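Work through the exercises below with the sequence and the model open side by side, and try each task before reading its solution.

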Amino acid sequence: MIDWQDTRLVVVDIETTRDHSHGFRVVDIAAITCHQGRITGRWASWVNPETDIDDESFGFHHLTEDLLQDQPTFEEIAPILTRILTPKHGPCVIAAHQTGFDIPIIRSEYERFGLEMPDVAVLDTIDPIIHRLAGVTLKSRSLNNLCKVLNVERGTAHRAEDDAEACANSALILIDRASERGNNTIQDILDK
């Protein structure tokens with residue numbers, strides 16, 4: 001069993017739309033908090049991107065401008081997300097499936113409003129290193145495939161809360177399996 005050393009794992013997922021002047025904008029965001037190897041909190045929000053929803057993005061998440069127009073902006077939800085990501089009694093690790101997509105977009109949204117995203121360690125459930133440490137072999141790098149291999153129940157794809165929950169359950173399994181193979185702390189996994 002892994003020694004969590006009071007580490008909180010916060011698993012995030014976003015859905016986006018393309019904005020020609022700002023790159024990607026968040027339209028749906030979720031954070032699943034895990035402590036001591038179990039899910040202890042859930043937060044999700046639709047987000048008004050203050051721009052149109054492009055056709056390709058709509059094809060994934062089916063969120064419309066009409067549905068999002070009365071939702072909070074990223075600037076309005078940023079204080080909530082900051083509280084979730086700010087270490088309280090121990091370190092915080094942010095995790096996602098494809099952190100190279102999610103984290104830069106979230107950071108960009110913070111910066112757009114002159115805010116700073118909390119600086120936390122990152123764990124990517126798509127990273128081959130965690131798969132190797134956990135003894136897992138994947139045929140594809142998709143979250144669907146990871147869930148299938150780990151026997152994790154999958155909610156609706158491209159809904160931030162469902163994707164974050166599936167990713168959180170997958171991350172917990174990967175961490176447990178890595179611990180069974182000699183990685184005793186989260187830091188041991190992050191240091192590989």
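**Exercise 1. Find how strand 1 is paired with strand 2 and with strand 4, and in which sense each pair runs.**

Step one is to take strand 2 (residues 23-35), which runs antiparallel to strand 1 and is joined to it by 12 bridges; here two strands pair if DSSP finds at least two bridges between them, and helices (H or I, at least four residues) and strands (E, at least two) are DSSP runs numbered from the N terminus. Within this pairing, Thr16 has Val26 of strand 2 as its bridge partner. Step two is to turn to strand 4 (residues 92-96), which pairs with strand 1 in the parallel sense over 4 bridges. Along this pairing, Arg8 has Cys92 as its bridge partner, and Val11 stands opposite Ala95.

The model is predicted, so local features need pLDDT of at least 70 and side-chain atom pairs count only at pLDDT 80 or more, whereas totals for chains, interfaces and linings use all residues. Residues are numbered from 1 along each chain as its sequence is written, and side-chain values use heavy atoms, with hydrogens and water left out.

**Exercise 2. Decide whether strand 1 is largely enclosed or open, and say why.**

The solution rests on a count of buried residues, where buried means under 20% relative accessible area, exposed over 50%, and partly exposed in between (1.4 Å probe, protein chains only). In strand 1, which covers residues 8-19, 11 of the 12 residues are buried, so the strand is largely enclosed by the rest of the structure.

**Exercise 3. Describe the surroundings of strand 4, giving its burial and its pairing with strand 5.**

Begin with burial: 5 of the 5 residues of strand 4 are buried. Next, separate its two faces, with Cys92, Ile94 and Ala96 on one side and Val93 and Ala95 on the other, and note that both faces are covered. Finally, look at strand 5 (residues 121-124), which pairs with strand 4 in the parallel sense over 4 bridges, and in which Asp124 is the bridge partner of Ala96.

**Exercise 4. Locate the aromatic pairs and state which parts of the chain they tie together.**

A search of the whole structure finds 2 aromatic pairs, the criterion being that rings of Phe, Tyr and Trp (its six-membered ring) have centres within 6.5 Å, with planes under 30 degrees apart counted as stacked, over 60 as edge-to-face and the rest as tilted. One pair is Phe24 with Phe101, which is edge-to-face at 5.3 Å centre to centre and 70° between the planes. Phe24 belongs to strand 2 and Phe101 to helix 4 (residues 99-112), so this pair ties together parts that are 77 residues apart in sequence. Phe24 is partly exposed at a relative accessible area of 25%, and Phe101 is likewise partly exposed at 30%.

In the pair of Phe74 and Tyr110, the ring centres are 5.4 Å apart and the planes stand at 75°, so this pair is edge-to-face. Because Phe74 lies in helix 3 (residues 74-85) and Tyr110 in helix 4, the pair ties together parts that are 36 residues apart in sequence. Both Phe74 and Tyr110 are buried.

**Exercise 5. Characterise the largest pocket by its volume and by its lining.**

The volume of the largest pocket is about 540 Å³. A pocket is, on a 1 Å grid over the protein atoms alone, an open set of points with protein on both sides within 12 Å along at least five of seven lines, where a 1.4 Å probe fits, and lining residues have an atom within 4 Å of a point; grid points are joined across faces, edges and corners, and the volume is the space filled by probe spheres set on the points. Of the 23 lining residues, the closest to the pocket centre are Glu15, Phe60, Gln98, Phe101 and His158. Strand 1, helix 1 (55-61), helix 4 and helix 6 (143-150) each supply at least two lining residues, and strand 1 gives the largest share, with 5 residues.

By class, the lining has 6 nonpolar, 8 polar and 9 charged residues, where Ala, Val, Leu, Ile, Met, Phe, Trp, Tyr, Cys and Pro count as nonpolar, Asp, Glu, Lys and Arg as charged, and the others, Gly among them, as polar.
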